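Subject: The two-chain model, with notes

Hi,

Here is the structure I promised to pass on to you. Please open it alongside this email and follow along.

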Amino acid sequence: MKKTSIIIGMAMVLLLPMVLSSQTKTTIKGKELFGDISARHIGPALMSGRINDMEIHPTNNRIIYAGTAGGGVWKSNNAGTTFNSIFDDYCQSIGAVALDPNNPDNVIYVGTGETWPRNSVSIGDGLYKSVDGGSNWIKLGFEKSERIANIIVNPKNSNEVYVGVLGALWGDSDVRGVYKSNDAGATWEKLLYIDQKTGCADLAMDPNDPNILYASMWEFRRTGWSFESGGNSSALYKSTDGGGTWNKIHNGFPEGKLGRLAIAVAPSNSEVLYTVIEAEKDEKKGLYRSNDAGNSWEQLNNDFGITVRPFYFSRIVVDPRDENVVVKGGLSGSISRDGGKTFKNLGNMHSDIHDIVFSIKDSDVMYVGTDGGVYRSWNGGTTMEIVEDLPLSQFYHVSVDDATPYNVYGGLQDNGSWYGPSSSIGGIEARDWNSVGAGDGFRVLKHPTKNIIYSEMQGATNVWRYDVDKNLTKTIEPLVTKETGKLRFNWNPPMALSSAQPNRFYMGSQFVHKSEDMGDTWEIISPDLTTNDPAKQEQENSGGLSKDNSGAENHTTIFTIAESTLDENVIWVGTDDGNVQVTQDGGKSWTNTIDNIVGLPKNTWCYHIEASTFDKGTAYAVFDGHTMNDMNPYAYKTTDFGKTWKNIISDNVVGITRNIQEDYVNPDLLFLGTEFGLYITMDGGDSWHKFTNNMPSVAVHFIDLQKATNDLVMGTHGRGIIIIDDISPLREINETVLSKNVHFFSNKPTVINEESGFSGSFGKETQFVGANKTKNLQLKYYLKKRHTFGKMRMVIQDMDGNYVNEIGPGKSKGINIVNWNYTRKQPKIAKGKTFSFGGFTSPQVPEGTYKVILTKGKETYEHTFDLVYDEDSPLTATDRTLKNETTMQLYDMTQELAYLVYELDEMILKAESNKNAKTISKLNALKETLVITTGDNYAGSAEPQLREKMADLYSKLATSYDKPSKTELESLYVILKRFEDAKTNFSKLKKKFKPSEELTIKTYEEFLGS
Amino acid sequence: MKSLKLCVAVLMLAFVLPTQAQSADDILENYFENIGGLEKLKAIKGMKMIAKVNQQGLEIPLEIIQLSDGRQMTLINFQGKEIKQGVFDGETLWSHNFMTMKAEKSDAEATSNFKLNANDFPDSFIDYKEKGYVVELLGTETIDGAETYKIKLIKEPVMVDGEEEDDISFYFFDTENFVPIAIQTEVKSGQAKGTIQEVTLSDYQEVDGLYFPFSMTQGVKGQPGGSPITIESIELNPDIDESAFAFPDEMEGEKE
């Protein structure tokens, strides 16, 4: 047996700092630059996403982990009611999560790389460990393992850890099999290895004897055009000496080649084992049981639910309290209560069940991981309810429209197509999302001018044109005609629009199809643009032991189409078998430019072409070689219609590349989506910076830039839609800016938001709610150094230098963003027994030019900005003047009343010390008409007095979009009158007030400042 | 008062010394020295901070009092009314209810957890070994664009919904000047349980020879927002009316 030891150590990581090639340019790390520019997650979570592995805490039934296919690791502290992400900074594709049973609160192992290898699976990058409950992680090696199926810690010895590595899906690899560590993960020994094609698909330990192990080995391979499960190397092994020696346990197994096998040991009886076998003959497939710890096996069941798609579903879970209750993952999931003889489906939930766990306390409580998130059951799997706060949606594509707020469109793995708003009252909730397609969803595009949406499902078996206003849907996909012959559409078929012709719509098979009437009539405008390699067109034979021709392996197809926004005759096309074609005459002639790309391996999948908006001969092409076992990033730029291409990837970019987005203003500002997150360059690709502010290391499949808002919108494959609001400061980053101590970025005029509406918050306690974009004014500035010592203040003034408000500045090195909701401080309110809630209102300032004064130590920096009213506001300039003046009149009155009551209180205090009962009584009598002097702030509140009436009217006017109404002005008159009377009474009392000594009263200004 | 500039220069000088072989204790030693000295810090008997929070136009004045025996309180001034929050008299943790403005005790678990912090004034890291705390240097991390040492602090275990849990926080000490610029802790209970809360610290200024952060911003790690608490002044060893910490009887609420 081959021995390998993988040395790890955080020291290694620390001793290998990134070597940046610094010429004369300022080198700045992304983390030192991006500062407060932060990603915003809007979900959706309503359909959630694929789960790979569920894990429970062995002693605390409230703690549940979900290892997801593309969205990282999530932990629940409340028995699965809600979850938190705990693995954002690392690879988000998870194979296995395991706790050390001896220290389950602290020690967590995460094996990356999902293990149900469908066509669209992501890849892992090794094994991780936390010793503090998930706060910090170190990598334990296995960088090339790609997929880790199981991790088991010896329940009697924390130092003994076993790892089952399934390994590479798309090519040969010797990082496969069963590994063991005797030092808690520091070093590893390979215990079971078969060959470069066969990995460990499942690993189990006898709960009563940690030296007894079972390992299922699986021979499997995927290419871009086929899948093969099974071979002579697949087998089930047992070891009784802690992995030292292994023997096949096939007594009772079917003859011939085997495919994927699952293995489970009943926790309540170690003699009882279950396996699911993928065999050559259909009648021999299914569930097998052993009652003698694997010495012999008996076939019990080969129903559809047990044998369906073994590569995707092969998990068996046995009830920890009853060896005869067994659950099998599958299309619907199956449960047997008679030891595996018969099964029924689990309760209704999203299909494609990958893993199931039972609560440690009660077998009625189950947690199930599906292609659509995590479900809970409280009645033994009969009824399922979805966890509503796991935003794991797996987008293949994203696009935006030009509405305000703009909408986001995209299609999801196994979860249809959707659109939803980028902002919504109270946050973006499940109910804000609209379904616009069935099946697997991919590209979704909104018609440029009409309220019509195009969407599709796998292989263009349906392409829908949905008239949103009329709620009418028709299918418009190009069909086979006598001219076309057989059409080959990718699983994820390309669609494209034209900026020149709103009704134009493109689709790609092996040909480019063009319609000028929104898909009613199609014309083919190209020859076959692919390699048309017949060896890659045998999908009917795909699957290996279990035929699997879902369309997912369709190959030699067009994958990306882009019409130039500068010239409608320039169209770029990229194919999944590695061609980059361009036409400059609207399709009459095409040139394959792939041979001009130096350094790109032949037949590498062209994942995206971005036509530049600055020059029609300029384009960017991104390639993904992972289906050829090539995990390198590839992005190229041409400026001459593809005659030459320049590599624009820098050494620090990690992960296969999926998409690139060019900025609309600064051609050197580019955004790159990779399997492990987002990279940004501000120098045309010479240097890339990973963006990590609230941005997980998630696969970014598609990027769009919304023109009006400069928001970068990402369709991620596992964390839903993630938006970076307003990337415009990045356009200004250059050497001059980076050398300044403080640099304010320019502000577009900010519209004062006067919108208001209602949003019931029902259900939000346990639902994911996407964050909204702020409507505040944002002051953005660059700091060369983090401000730590000395005072730093930020004051807003009008252009005459009058104080308006003070706000808390950001102190980070890099870009700071400070929000101001364009209000003044709330008015000073008279002191009463209770609060005057109207008095908590801060009034908005009028539109105009303002300046911000940033004081940092002795230095002062100034920046001006404009606030403007919404053009749609119904108010005239005169209305505005009336509104502002009346509001501020009440604001001032409120403060004057506060001062009057202050004086009155001082007089009462003095009178009390003089024991002047008559004066006390007179003063109190006045006070009782001015402020509330009894009751509380809730149900015990007293009759409102002048203070409350004044403040409520003030608040009513200050928070209204409208000018004061006639009724409000009449009400103001009553309050004014009452205030005048109060002032008269007060001055009478003041004249009569004769204390033994002078009162020391603050001036009005002192009082306001206090 | 010493010139701040000079002090920063001295700190910069200290930074020129080798930094790669830092241990957690070295960092803490540098920290205490740079903020004015451990002995001086240990001699403080109490602090009174006058502060304000500006939550988008709503400015809230605060007064925070902390004493070396663990007693503390926060006074919030709303419309001239004083509302006390987080008052701890050594035994009882209480706050005014915002609706009735009457004093109410915190639940027993919160109180017993709070009591464990009585030995943390003015800084948890003082004599941490004697207190049985564990401190560990985890490496460096970029916080607010600045390079920091990440130090894990484990204090006395706390009770969370009936279960005992470690009390862990992560401090980020600026590698240039060794003062903490951020603290992260996992929220242990309530709706936000499981999220990471982050407090960033800045505007360190001198008070009687000791440096304190005059600006603190609390938020959720990685997410924008959070209004800073701006400290106007810090008074060391203030005169405090002892009775102010006592849990008032029912009638006192009516007397105000």
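Below are my notes on what turned up in it.

First, the ground rules. This is a predicted model, in which local features need pLDDT of at least 70, side-chain atom pairs count only at pLDDT 80 or more, and totals for chains, interfaces and linings use all residues. Residues are numbered from 1 along each chain as its sequence is written, while chains are lettered from A and ligands numbered from 1 in the order in which they are written.

**Confidence**

The model scores ipTM 0.90 and pTM 0.94. Chain B averages a pLDDT (the predictor's confidence in each residue, from 0 to 100) of 87, and 89% of the residues score at least 70. Residues 1-19 of chain B have pLDDT below 50, and beyond near neighbours in sequence this stretch has 14 contacts in the model. Contact here means that the C-beta atoms of two residues, placed from the backbone, lie within 7 Å. Residues 251-256 of chain B also stay under 50, with four contacts beyond four places in sequence.

**Chain A as a whole**

Chain A has 10 helices and 66 strands. These are DSSP runs numbered from the N terminus (helices are H or I, at least four residues; strands are E, at least two). The C-alpha trace of chain A spans about 115 × 70 × 60 Å along its principal axes. Its radius of gyration is 34 Å, which agrees with the value near 30 Å for a compact globule of 1010 residues; the radius is taken over C-alpha atoms, and the globule rule is 2.2 Å times the number of residues to the power 0.38. Buried residues make up 53% of the 1010 residues in chain A. A residue counts as buried if 20 or more other C-beta atoms, placed from the backbone, lie within 10 Å of its own, as exposed if 12 or fewer do, and as partly exposed in between.

**Where the chains meet**

The contact takes 49 residues from chain A and 44 residues from chain B. On the chain A side, helix 1 (10-15), helix 2 (30-33), strand 63 (803-807) and strand 64 (814-820) each give two or more residues. Strand 63 of chain A gives the most, with three residues. The chain A side divides into 10 nonpolar, 23 polar and 16 charged residues. In this count Ala, Val, Leu, Ile, Met, Phe, Trp, Tyr, Cys and Pro are nonpolar, Asp, Glu, Lys and Arg are charged, and the others, Gly among them, are polar.

**Cores**

A nonpolar core is a set of buried Ala, Val, Leu, Ile, Met, Phe, Trp, Tyr and Cys residues joined through C-beta atoms within 7 Å. In the largest, of 230 residues, A:Ala215, A:Ala264 and A:Val368 touch the most other members. Strand 15 (residues 209-222) of chain A gives the most to this core, with seven residues. A second, separate core of 33 residues includes B:Phe32, B:Ile35, B:Met47 and B:Phe125.

**A buried strand**

Strand 45 (residues 571-575) of chain A is largely enclosed by the rest of the structure, because five of its five residues are buried. A:Ile571, A:Val573 and A:Thr575 point one way, and A:Trp572 and A:Gly574 the other. Strand 45 of chain A runs antiparallel to strand 44 (residues 558-563), joined by five bridges, and to strand 46 (residues 580-583), joined by four. Two strands pair if DSSP finds at least two bridges between them. A:Val573 stands opposite A:Ile561 and also opposite A:Gln581 in strand 46. Strands 45 and 46 of chain A form a hairpin with four residues between them, and A:Gly578 in the turn has a positive phi of about 90°.

**Backbone details to look at**

Most residues other than glycine have a negative phi, and most peptide bonds are trans. The bond from A:Thr404 to A:Pro405 is cis, with omega near -10°, and the one from B:Phe121 to B:Pro122 is cis, with omega near -5°. B:Met101 is not a glycine yet has a positive phi of about 60°; B:Met101 is buried, with 20 other C-beta atoms within 10 Å. B:Asp127 has a positive phi near 50°, but B:Asp127 is exposed, with 12 other C-beta atoms within 10 Å.

Best wishes
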